[in-house]
Structures are given as C-alpha cells and as structure tokens.
Amino acid sequence: WRLPTIEELASLVKSEKVNGLHIDPIFHDKQKTCWSANTRRVRTTRDSHFGEYESWVVKFAEGRITMEQWSGYKKVIVLYPHMEAKYYIRAVRSSTEL
C-alpha cells in the first residue's frame, strides 16, 4: 500500500457533484480533501528534522487540485482522535506482476 500520485487522485474527480462532492458516491463523503504522494521540502530550518513542505492535494468538495504548504517534523506523526481531520489519505495498492 502507498499514497497515490496526484494523477491517480485527480482521476477520481467527477465533473458533476453528488452528495456535495465531486467523487463517486461509493467513496466515503467524509474524505473531502486527500493528500497525494507528491510532496517536496521547500525549506529547512536550523533543526535538520524540521522543515517546510509543499504537497499536492485533491479537494473533492470543490472539485479541484491545489498545492498546500505545511510545516512539521520528519518521521513524527501526531494523531488526535478526538478532533476531526481536515485532510485524509486514500491508500492505493501497487500492482505486482508475478
């Protein structure tokens, strides 16, 4: 499993809106914005583990693709289960040929 590329996520965007989203209703309507694997570090601070990044995201509520900037520590993910997430991930399975 992996994060999808921006091209893979963009292929899910539909031109019409159904249930308030530009995505097929078979997908959960809570995932209005999803991260892609297309991320790059744009700035590093004095602390080498901290930096600023840009990532492509798909906003299914608006039917558009945007670049988001964010800051964070590398290799650290903090989850707050009591809060509603603003961005989600939609994992895809890589195909392997035998």
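A residue is called buried here when its relative accessible area is under 20%, exposed when that area is over 50%, and partly exposed in between. With that in hand, this predicted model can be introduced: of the 98 residues of the protein chain, 24% count as buried.

## Fold and confidence

The protein chain has one helix and three strands, and their order along the sequence is α-β-β-β. Among contacts with a separation of 6 or more, 52% are between residues 24 or more positions apart.

How far can you trust the coordinates? The mean pLDDT of the protein chain is 80, with 76% of the residues at 70 or more. Helix α1 (residues 6-10) has the highest confidence, at a mean of 94, while strand β3 (residues 64-73) has the lowest, at 81. Please take care with residues 75-79, where pLDDT stays under 50 and the model has zero contacts beyond four places in sequence. Where pLDDT is low, the predicted coordinates should not be read in detail.

## The nonpolar core

Which residues make up the largest nonpolar core? There are eight of them: I6, L9, L21, I23, C34, V58, F60 and Y88. Such grouping fits a broader pattern, as nonpolar side chains tend to be buried together in soluble globular proteins.

One core member to look at is I23, which touches L12, K14, F60 and R90 when residues up to four places away in sequence are not counted.

## The loop between α1 and β1

Two residues in this loop make a nice contrast. H22 is found in the loop between α1 and β1 (33-44), and it counts as buried because its relative accessibility is 13%, below the 20% limit. Leaving out residues up to four places away in sequence, H22 touches two runs of neighbours: L12, V13, K14, S15, E16 and K17, and also F60, A61, E62 and G63.

N19 is found in the loop between α1 and β1 as well. At 64% relative accessibility, N19 counts as exposed, since the limit for that class is over 50%. Its backbone also deserves a glance: N19 is not a glycine, yet it has a positive phi of about 55 degrees.

## Salt bridges

The count of salt bridges comes to four. Three of them are set out here.

| Salt bridge | Closest N to O distance |
|---|---|
| R2 and E8 | 2.8 Å |
| R40 and E54 | 2.8 Å |
| K59 and E68 | 3.2 Å |

Are the residues of these pairs buried or exposed, or in between? In the R2 and E8 salt bridge, R2 is partly exposed because its relative accessibility is 32%, and E8 is partly exposed too, with a relative accessible area of 30%.

R40 and E54 form a salt bridge. This pair links distant parts of the chain, with R40 in strand β1 and E54 in strand β2 (residues 50-59), 14 residues apart. E54 counts as buried, as its relative accessibility is 13%. For the salt bridge of K59 with E68, K59 and E68 are both buried.

## S55 in strand β2

S55 is found in strand β2. Why does S55 count as buried? Its relative accessibility is 1%, and the limit for a buried residue is under 20%.

Setting aside neighbours within four places in sequence, S55 is in contact with W35, N38, T39, T66, M67, E68 and W70. With T39, the side chain of S55 makes a side-chain to side-chain polar contact at 2.7 Å. S55 and I6 are 49 residues apart in sequence, and their C-alpha atoms are 9.3 Å apart in space.

Two of these contact partners turn up elsewhere in this report: E68 forms a salt bridge with K59, and W35 belongs to the aromatic pair described next.

## The aromatic pair

The structure holds one aromatic pair. The rings of W35 and Y87 have centres 4.9 Å apart and planes at 40 degrees, so the pair counts as tilted. It links distant parts of the chain: W35 lies in strand β1 and Y87 in the segment after β3, 52 residues apart. W35 counts as partly exposed because its relative accessibility is 21%, and buried would require a value under 20%.

Methods: Residues are numbered from 1 along each chain as its sequence is written. Side-chain values use heavy atoms; hydrogens and water are left out. pLDDT is the predictor's confidence in each residue, from 0 to 100. Helices (H or I, at least four residues) and strands (E, at least two) are DSSP runs, numbered from the N terminus. Contact means heavy atoms within 4.5 Å. Buried means under 20% relative accessible area, exposed over 50%, partly exposed in between (1.4 Å probe, protein chains only). A salt bridge is a side-chain nitrogen of Lys or Arg within 4 Å of a carboxyl oxygen of Asp or Glu. Rings of Phe, Tyr and Trp (its six-membered ring) pair if their centres lie within 6.5 Å; planes under 30 degrees apart count as stacked, over 60 as edge-to-face and the rest as tilted. A polar contact is a pair of N or O atoms within 3.5 Å; within protein, one must be able to donate a hydrogen and the other to accept it, and residues adjacent in sequence count only if both atoms are side-chain atoms. A nonpolar core is a set of buried Ala, Val, Leu, Ile, Met, Phe, Trp, Tyr and Cys residues joined through side-chain atoms within 4.5 Å.
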